[in-house]
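User: I am in my first year and would like to look closely at one part of this model, the helices that pack against each other and what surrounds them. Could you take me through that part step by step?

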Amino acid sequence: MLRVVVYTAKRYERAMRAVVAGGLVGAPAVLTSPPVIDDNIVGDPTLLEDGGVLVLNLHGRPLYETWFGDGDLPAIHATTLASLDLRGVGVFAINCYAGDDGAMRRALWAARPDYVVSGRGINWGGAASPIGADLLLRWFLRGVARGMMAEAAIERAKRLTYLLHPRLTVMQREALRDTLEFTLMRAEGEDKQWTQ
């Protein structure tokens, strides 16, 4: 079974639990912020290091050196993120601006994950139910759980998301457009240069 660790803002917990529910992934560890904040991660980094896939669904802001939980609580600072050992872990980041070059992106790379799936700018996900990047995550996890390489899993996930995503409202159509722009980057070589 695929081990999944989810670190999410509290308001997205319901949607995240709906995404990771089902038989293809093991019982996920779902951490919400609050009550979990950066101090908890500093005290026990294994909270985020102990998975095959780490899902991040926190509040991101451009040029900030912190990702936030609800109520502007610091879920994780760049220095804490960079200190994690994510070797052997894939990361799927729904956070806004997670795909943009900045302190948080560089900190994530410093933690040396196997790959990162993320989107630039504002990214769409649901609170009460999955939408946008949440649905991409669902199909991605199912592919990886079946033994697909991450690159094949993200391509399959994009096709399925395109086919099955609701399009009734302007928001749903915008969420779909944004979600299809998510990319997978992988560290390669001894110096772990990132390639797309």
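Analyst: What follows is a walk through one helix and its partners, and then through some loops elsewhere in the chain. Please keep in mind throughout that this is a predicted model.

Let us begin with helix α1, which spans residues 13-20 and whose axis comes within 9 Å of the axis of α6, the two crossing at roughly 25°. Since angles under 35 degrees count as roughly parallel, that crossing makes α1 roughly parallel to α6. The crossing of the pair is right-handed. On the α1 side the contact is made by Ala15, Met16, Ala18, Val19 and Val20, and on the α6 side by Asp134, Leu137, Arg138 and Leu141. Sorted by character, the residues of this contact are seven nonpolar, no polar and two charged.

Which residues of α1 are buried? They are Glu13, Ala15, Met16, Val19 and Val20, and because they cover an arc of only 160° around the axis, they sit on the same side of α1. The elements that cover these buried residues include the strands β1 (4-9), β2 (29-33) and β3 (53-57), together with α6.

One residue of that cover's first-named strand can be followed in more detail, namely Thr8, which has its place in β1. Thr8 has a relative accessible area of 0% and is therefore buried, given that buried means under 20%. Apart from its neighbours within four places in sequence, Thr8 touches Glu13 and Met16, and also Val30, Leu31, Thr32, Ser33, Asn57 and Leu58.

Ser33, one of the residues in contact with Thr8, leads on to an unusual piece of backbone, for a cis peptide bond with omega of about -5° joins Ser33 and Pro34. A cis peptide bond also joins Pro34 and Pro35, with omega of about 10°. Pro34 belongs to the loop between β2 and α2 (38-43), and Pro35 lies in the loop between β2 and α2 as well.

Returning to α6, which covers residues 133-145, we find that its axis and that of α7 (residues 150-164) come within 8 Å and cross at roughly 135°, which means that α6 is oblique to α7. This crossing of α6 and α7 is right-handed. Helix α6 contributes Leu135, Leu136, Trp139, Phe140, Gly143 and Val144 to the contact, while the residues from α7 include Ala150, Ala153, Ile154, Ala157 and Leu160. The residues of this contact divide into eleven nonpolar, two polar and two charged.

For another helix with a buried face, consider α5 (residues 103-110), in which Met104, Arg105, Ala107 and Leu108 are buried. These buried residues line one face of α5, because they fall within an arc of 160° when seen down its axis. Just after α5, Arg112 has a positive phi of about 60°.

The loop between β6 (90-93) and α5 holds Asp101, which counts as exposed because its relative accessibility is 58%. Leaving aside neighbours within four places in sequence, Asp101 is in contact with Arg106 and Arg120. Its C-alpha atom is separated by 9.2 Å from that of Pro62, although Asp101 and Pro62 are 39 residues apart along the chain. Tyr97 also lies in the loop between β6 and α5, is not a glycine and has a positive phi near 65°; with a relative accessible area of 25%, Tyr97 is partly exposed.

Methods. Residues are numbered from 1 along each chain as its sequence is written. This is a predicted model: local features need pLDDT of at least 70, side-chain atom pairs count only at pLDDT 80 or more; totals for chains, interfaces and linings use all residues. Side-chain values use heavy atoms; hydrogens and water are left out. Axes are lines fitted to C-alpha atoms, for helices over the stretch in contact, and angles run from 0 to 180 degrees between N-to-C directions. Helices (H or I, at least four residues) and strands (E, at least two) are DSSP runs, numbered from the N terminus. Angles under 35 degrees count as roughly parallel, over 145 as roughly antiparallel, 65 to 115 as roughly perpendicular and the rest as oblique. A crossing is left-handed if the near helix is turned anticlockwise from the far one by less than a right angle, and right-handed if clockwise. Contact means heavy atoms within 4.5 Å. Ala, Val, Leu, Ile, Met, Phe, Trp, Tyr, Cys and Pro count as nonpolar, Asp, Glu, Lys and Arg as charged, and the others, Gly among them, as polar. Buried means under 20% relative accessible area, exposed over 50%, partly exposed in between (1.4 Å probe, protein chains only). The arc is that of the directions from the helix axis to the C-beta atoms.
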